[in-house]
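Hi everyone, thanks for making time this morning. Let me put the structure up on the screen, and then we can walk through a few parts of it together.

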Amino acid sequence: MTGLQAYLLLSSLLFAIGLAGALTRRNAILVLIGIELMLNAANINFIAFWHYGPATTYITGVMFAIFSISVAAAEAAVGLAIIVAAYRHSHTIDLDSMNSLKG
Amino acid sequence: MTWIVRYVCLIPALPMLAAGISALLPQRSRKPAAGLAIVSMAASFALALCAFAAALSNPSPQVFNFSWLQFGDQTLALGWLLDPLTAVMLVMVTFVGLLIFIYSTGYMEHDENFTRFFCFLALFAGGMLGVIIANSLLLLFMCWEIVGLTSYLLIGFWYQNPRAAAAAKKAFITTRIGDLGFLIGMVWLYAQAHTLLFYDSGRGALEAGAVSHLAVTTTIYGLTLSSAIGLLIFCGAMGKSGQVPLHVWLPDAMEGPTPVSALIHAATMVAAGVFLIARIYPLMSAHGVEVVTPTIALQVVTWVGAITALFGATVAVAQWDIKRILAYSTVSQLGYMMIGLGVGGPAVGMFHLITHAFFKALLFLGAGSVIHGCSGEQDIRRMGGLRKYMPLTFLTYGIGMLALSGFPLVVSGFWSKDAILYSAHHWSVSQLPFYIASLGALLTAFYMTRQVCYVFFGTLRLPGHGPVSHSEPDSEDTRHHGAGHPHESPAVMTAPLAILAFFAFALGFLGTPLWPWFQSFLNGDHSVAAEHEPGLVATMAASSVIALLGIFLGWLLYGRQSIATCEAPDVLERAQPQTFRVLHQAYFIDAIYDATFVRLTRWTAKLADLLDRFLFHGIVQAISFGVLGLAWVDSFVDNYVVNFGFDSSWRSISMGGRAMAALQGGRVQAYLRYIGLALVALVLYLLWGVAR
Amino acid sequence: MSISFLIIAVLIVGSTAAAMGLRNPIHCVLTLSITFGGIAALFLQLGAEFVGLTQIMVYVGAVAILAVFAIMMTQSRRGLMLGTFSRNALVGLLTAVAVFSVLGWAVLSQPVAGVTAAVSPVSVQQIGSSLMHEYVLPLELIGLLLTAALIGAIVIAMERKEDTE
């Protein structure tokens with residue numbers, strides 16, 4: 001297995017674990033953390049491809065990873081603010097009980 | 001044309017207007033109603049005198065026509081005319097009518113329907129006068145029907161009495177049967193002559209052009225058109241003038257008040273039939289160029305008249321009711337008038353009509369006075385000796401009786417009847433009408449004498465006064481008089497009697513052979529030459545002998561010994577009880593009609609009722625059931641088929657929606673799961689797509 | 001496939017698994033920080049120094065701290081929650097397994113080239129100049145986004161007078 005494949009496999013594993021946590025945890029904050037992990041996995045992918053890509057003078061991968069990190073931070077902030085607001089409204093952050101939008 | 005010809009329509013219009021206003025007045029305004037009727041009649045009389053003067057100066061027919069109804073390119077015209085025939089009838093009807101109106105104010109004084117009576121009387125007068133002045137057969141027919149209607153209303157005036165109501169119905173239906181022939185004749189005339197006007201400057205139906213056309217064209221059995229149409233119109237005259245076999249309504253019409261009997265059933269309405277034949281005489285007498293014998297129409301008229309004259313006279317001999325005797329006498333005299341028309345022409349017939357109007361009205365009013373004085377008694381067996389109690393009535397009644405009997409020389413009836421007998425004697429077809437008429441004259445004198453003896457001579461047999469009392473009869477005015485002494489009637493009733501008696505005497509001199517003013521006036525001659533025909537004096541002598549013989553026989557049987565009691569049978573009844581019974585029942589004609597025509601009509605009515613109730617009602621019911629069934633099927637389909645379809649479809653949509661809604665659990669992690677699975681599927685697809 | 005990579009990989013996977021599996025959320029966040037640190041090491045190893053240090057600064061220094069604040073602010077009176085895992089946790093786990101297998105198979109089934117040229121680590125100056133030249137628009141957008149996120153988070157999480165009790 002080449003180095004790139006190892007990095008890619010690692011990032012896939014990280015992504016899957018993050019997905020598993022997002023799908024299975026009850027705590028809304030931990031679901032958000034899972035989503036952060038998935039984003040991080042994608043970052044690993046970008047840097048790996050940049051490293052093993054044609055020439056490292058093309059720094060597209062690095063730039064993308066920088067932007068990804070900033071967006072992830074913003075999204076984490078807003079998401080946590082929403083969770084805090086939701087907690088203030090219903091005094092719980094249990095996702096299983098938040099189903100008032102059901103059809 | 002003179003103003004009177006234009007305004008002769010006012011003569012019937014004024015009484016009709018009075019009738020219309022009276023119809024709107026309440027029952028308690030008696031004086032205004034009577035006043036209106038009398039004033040309108042007086043005005044009509046004045047106008048009739050003016051018309052008479054105009055006709056005197058100009059005996060040719062003067063007309064005023066106007067078009068009434070236009071359909072397509074044909075026009076129906078109406079109009080009125082003034083000629084000697086019209087003028088004479090107008091004067092007679094208005095004068096006699098006026099006298100009877102005045103008489104009625106006294107006779108009907110205690111009746112509570114006074115106003116209604118005068119309304120109907122005025123309407124009748126208007127209709128009768130309309131018949132007289134009509135220049136169009138259609139207008140004549142319309143007024144003819146008005147006259148028939150008012151006759152029904154007046155006969156049935158006391159409609160609560162079932163006999164009166166039945167008599168009114170009988171009169172109307174019987175005359176209607178005659179009117180059917182009249183109508184058919186009228187339509188046929190219109191079809192052939194294309195006009196219904198009598199005189200229309202040469203185009204009229206009675207003028208030379210049309211008449212000659214109708215006289216030469218023949219129809220069935222070689223009958224000329226003019227005779228055929230004339231005979232059909234004669235059917236109407238038979239109904240109105242009570243000729244056999246349509247005479248049955250006249251005796252029953254005596255259920256009406258006596259002024260009604262006098263005016264309608266003696267003087268005027270029944271004379272309308274005779275007047276009609278006189279009016280269309282040019283049509284009835286027209287024959288082709290080569291023929292010289294009288295036409296079939298005139299022959300039929302004469303024979304019918306002869307049969308009627310004899311019939312009426314024989315039945316009158318065996319009657320007990322004072323008014324019934326006069327009724328059958330009227331039937332008989334109408335037969336005489338028809339004989340006169342048939343054998344001698346309009347002059348002869350009309351002369352007798354005019355004189356008859358006066359003395360018959362006199363007799364009826366006198367009978368009314370007798371009934372009034374005897375507090376409603378009408379049976380002559382229960383009267384007697386009234387000449388002591390009611391002298392004026394007796395005197396005038398006697399004059400009337402003499403006039404009717406044809407007492408020689410001094411009364412009008414003698415001259416008019418003599419004219420008829422003379423013409424009958426010189427009839428070219430047969431002498432039989434002459435003998436029948438003579439026999440009838442004998443019987444007339446006989447039964448009138450019988451009546452006068454029963455009523456005015458002998459001793460009073462009135463219940464309560466006479467030797468045997470009977471239960472009170474229920475006739476006209478037992479309501480307001482107690483069973484008191486018979487008394488003379490008030491002046492308002494006896495004054496008309498006196499006036500009529502005068503004319504019953506004087507009118508005859510208008511038509512004597514020495515000075516036949518009446519005949520020449522009607523024939524349109526200006527010269528009045530005395531007639532010097534052979535056999536004139538012989539006929540006069542013969543009719544005098546007949547009249548005197550009849551009076552003598554009557555006095556012999558009834559006047560010599562006064563009749564003792566009410567139940568004493570009539571002399572003739574004792575002699576020939578079977579014949580007497582047949583005559584009393586008027587040859588059982590009423591019973592025959594009842595068993596045949598009336599029964600047939602009732603059976604037809606019953607059949608129609610059954611048909612209506614079962615067949616038509618059944619059909620309607622069946623249709624309604626059909627519709628109900630269809631409605632039920634429709635509702636069934638609507639409920640189970642249509643609704644079911646819709647219900648199942650919405651239910652399936654609803655279930656589908658519910659199923660789809662189950663996908664939305666409201667839980668975020670489930671959505672994420674779906675995204676994950678979708679990602680797996682996408683990647684698999686890409687991989688496999690690429691690998692291939 | 002050097003040893004360092006393997007060690008770091010094991011560290012990352014282990015701490016991630018712990019982060020997703022521990023009951024106490026504070027513990028989860030702590031292990032998460034370790035994960036972030038591991039990933040930063042990976043970046044450094046691959047020659048993306050700026051990204052690696054940015055990773056530590058942003059993720060460990062901001063996001064994890066923020067998560068801890070959030071956890072502390074949303075601690076319910078009832079104490080810990082009724083359960084760590086949701087009702088349909090198994091299905092979620094299976095889904096994640098499926099995703100990993102699919103992705104792994106995708107990775108392993110493709111022929112991938114090895115390392116080619118020498119890797120020259122990218123300098124901060126390069127990043128800065130490219131930010132200002134090629135990526136100026138995304139830079140502005142990111143600025144806008146961050147401003148909006150900042151204001152939005154404040155507004156959403158702000159205590160309103162009528163909500164407090």
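Let's begin in chain B, where strand E1, residues 62-71, runs antiparallel to strand E2, residues 74-82. Nine bridges join E1(B) to E2(B). If you'd like one pair to click on, take Asn65(B), whose bridge partner in E2(B) is Gly79(B). The two strands form a hairpin, with two residues between them. In that turn, have a look at Gly72(B), which has a positive phi of about 65 degrees. I should say right away that this is a predicted model, so please keep that in mind for everything that follows.

Staying in chain B, let's move to helix H7, residues 162-193, which contains Thr175(B). Is Thr175(B) buried or exposed? Its relative accessibility is 5%, and because buried means under 20%, Thr175(B) counts as buried. What does Thr175(B) touch, leaving out residues up to four places away in sequence? The answer is Gly239(B), Lys240(B) and Trp249(B).

Now over to chain C. Chain C has six helices and zero strands, so to speak a plain α-α-α-α-α-α pattern when you read along the sequence. Of its 165 residues, 33% count as buried. For those of you who like contact maps, consider the contacts in chain C between residues at least 6 apart in sequence: 58% of these join residues at least 24 apart.

That brings us to the interface of chain A and chain C. Here 73 residues of chain A are in contact with 85 residues of chain C. The area buried between the two chains is about 6,900 Å², and carbon and sulfur atoms give 77% of that. On the chain A side, Arg25(A), Arg26(A) and Arg88(A) lose the most area to chain C, together 10% of what that side buries.

How many salt bridges does the rule find across the interface of chain A and chain C? Zero. The rule does find ten residue pairs in polar contact across this interface, both residues being at pLDDT 80 or more.

Which elements of chain A give two or more residues to the side that touches chain C? They are helix H1 (3-24), helix H2 (28-51) and helix H3 (60-90). The largest share, 23 residues, comes from H3(A). By residue type, the side of chain A that touches chain C divides into 49 nonpolar, 18 polar and six charged.

That's my tour; I'm happy to rotate the view for anyone.

Definitions and conventions
Residues numbered from 1 in each chain as written. Chains lettered and ligands numbered in written order. Predicted model: local features only at pLDDT ≥ 70, side-chain atom pairs only at ≥ 80, totals over all residues. Heavy atoms only, no water. Contact = heavy atoms within 4.5 Å. Buried area = accessible area lost by both parts, 1.4 Å probe. Salt bridge = Lys/Arg side-chain N within 4 Å of Asp/Glu carboxyl O. Polar contact = N/O pair within 3.5 Å; in protein donor to acceptor, adjacent residues only side chain to side chain. Helix = DSSP H or I, 4+ residues; strand = E, 2+ residues; numbered from the N terminus. Nonpolar A, V, L, I, M, F, W, Y, C, P; charged D, E, K, R; others polar. Pairing = 2+ DSSP bridges. Buried < 20%, exposed > 50% of the residue type's maximum accessible area, 1.4 Å probe, protein only.
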